[in-house]
2 protein chains.
Amino acid sequence: MTRKLPDKTVERLSQYRRALLNTLSGGKHHIFSHEIANLLHITAVQVRRDIMLIGYTGTLRQGYDVNELIDIIGKIIDTREGQKVAVIGIGNLGRAIMGYFSGKRTRLNIVAAFDSNPDKTDKIYAGVPCYHSDKMMEIIKNESISIAVISVPGEFAEKVAEDLTMAGIKGILNFSPKPLNMPAHVYLQEFDMLTMLEKVAYFVKKS
Amino acid sequence: MTRKLPDKTVERLSQYRRALLNTLSGGKHHIFSHEIANLLHITAVQVRRDIMLIGYTGTLRQGYDVNELIDIIGKIIDTREGQKVAVIGIGNLGRAIMGYFSGKRTRLNIVAAFDSNPDKTDKIYAGVPCYHSDKMMEIIKNESISIAVISVPGEFAEKVAEDLTMAGIKGILNFSPKPLNMPAHVYLQEFDMLTMLEKVAYFVKKS
DNA sequence: AAATTACTGTTATTTTAATAACAATGTTAA
DNA sequence: TTAACATTGTTATTAAAATAACAGTAATTT
């Protein structure tokens, strides 16, 4: 549809949408670029530029129609049919992820969780069934799950990623501290909290 | 000491160090830039450039001395005295963070956790005492804790951040989906998993 | 009705990050 | 001994992101 948007713009679109949904439930139907900017603590130019990139245009002196903007963003970042997500590893982190998502109305559905510990499998967490890892490849394939969140300890991340790739996964969000290597057709986002905490420590030290 | 390094270089330094510690425990004492690069799945030039920026130099044809490099990175990202960290919000996420850290790093110590639920307070999690939020400001001040990890639900994040600021915090890692606004002297790193998952979904859709 | 104001949308510039190019040099091979 | 090689360190170039500058315009004020 639209040509590929800049990475950072996509991140902000997700945040705009959440902020706008909030705005809407507060009964506000129009919003200025500088108001959106304030909600996210960024600049108004940045907001207008992002909105320009997705091809929406507001009205002068009235700003943007909140509903329309939410819709447009949805058309860009959601698929019509929705996408299925699996969470691999039901430790604290895995459960946190599922908790964050449960009830959030979105086109991203967490439909399965996996763990290698039999005490944790065959149960429901935040509405999501947890299966044993042995069944992972099969279920991913059969259910055509396209996105996986890896929240297993570092030692297992690589093996999990390989299996996921073989099962045909399309995108991975990797919370483990082990950097992964994926074939080009699998989109990989690393998300490493140890690194981020050390980074904060560094900049605190500097300032 | 060194002048301020680029953001991304700092992130990678943290990852280099972890990879190098691994290498070392595997009994390897020298390493080439392309080997480090392979561990992180980035390019060798990137590695050499980062190492150049921190002012370390390897030896031709032998590569880098693993111990020395670990030390140098430590001098850059750690402080001599160490830094104290608090985790605010002991849900699944908070516990995941503490679990990841326990035992891992000596210079970055999680020394306190806080929660507003009395069922969770006055207990030890992963070796860290959890206090009631009422005591947060006092303890942060008295213990001179400089870094906070916010893992409370979005609704509470803003208030927590304000209190932390007043208590004199220097850096914040914000896991909540609510974007925060901090005075310039507080270093803020947002870390929003919903955004990241939606981003993965977008790029999966595009490819 | 003219000037001013408060916005949007777009282009231009700057900054930051990544990549490429290559010079320097000790090591090995011929 | 000379040529080829493997590796580092650095500068040059390109790409991505953020910021600044500004043109356009409907509403409001004078």
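How many aromatic pairs does the structure hold over all chains? Eleven is the count, or 11 if you like digits. For pairing, the rings of Phe, Tyr and Trp (its six-membered ring) need centres within 6.5 Å; planes under 30 degrees apart are stacked, over 60 edge-to-face, and the rest tilted.

Quick housekeeping. This is a predicted model, where local features need pLDDT of at least 70 and side-chain atom pairs count only at pLDDT 80 or more, while totals for chains, interfaces and linings use all residues. Residues are numbered from 1 along each chain as its sequence is written, chains are lettered from A and ligands numbered from 1 in the order in which they are written, and side-chain values use heavy atoms, with hydrogens and water left out.

Okay, back to the rings. A:F175 and A:F191 have ring centres 4.9 Å apart with planes at 85°, so that pair is edge-to-face. A:F175 sits in the loop between β8 (171-174) and β9 (187-190) of chain A, and A:F191 in the loop between β9 and α8 (193-206), so the pair ties together parts 16 residues apart in sequence. Helices there are DSSP runs of H or I, at least four residues, and strands are runs of E, at least two, numbered from the N terminus.

Buried or exposed, this A:F191? Buried, at 3% relative accessible area, and A:F175 is buried too, at 1%. Buried here means under 20% relative accessible area, exposed over 50%, and partly exposed in between, with a 1.4 Å probe and protein chains only.

Now for the other chain. The A:F191 and B:F191 rings have centres 3.7 Å apart and planes at 10°, so they're stacked. That pair crosses between chains, reaching B:F191 in the loop between β9 (187-190) and α8 (193-206) of chain B. B:F191 is also buried, at 3%. Add B:F175, and A:F175, A:F191, B:F175 and B:F191 form one aromatic cluster.

On to the DNA. DNA strand C is surrounded by 21 residues, and the closest are A:S33, A:T57, A:G58, A:R61 and B:R61; being near means having a heavy atom within 4 Å of the strand. Of the strand C atoms that come within 4 Å of the protein, 56% belong to sugar and phosphate.

And the polar contacts, meaning N or O pairs within 3.5 Å? A polar side-chain atom of A:R48 lies 2.8 Å from a base oxygen of DNA strand C, and a side-chain N or O of A:R49 is 3.5 Å from a base oxygen. A:T57 has a polar side-chain atom 3.0 Å from a phosphate oxygen of the strand.

Notes: Polar contact = N/O pair within 3.5 Å; in protein donor to acceptor, adjacent residues only side chain to side chain.
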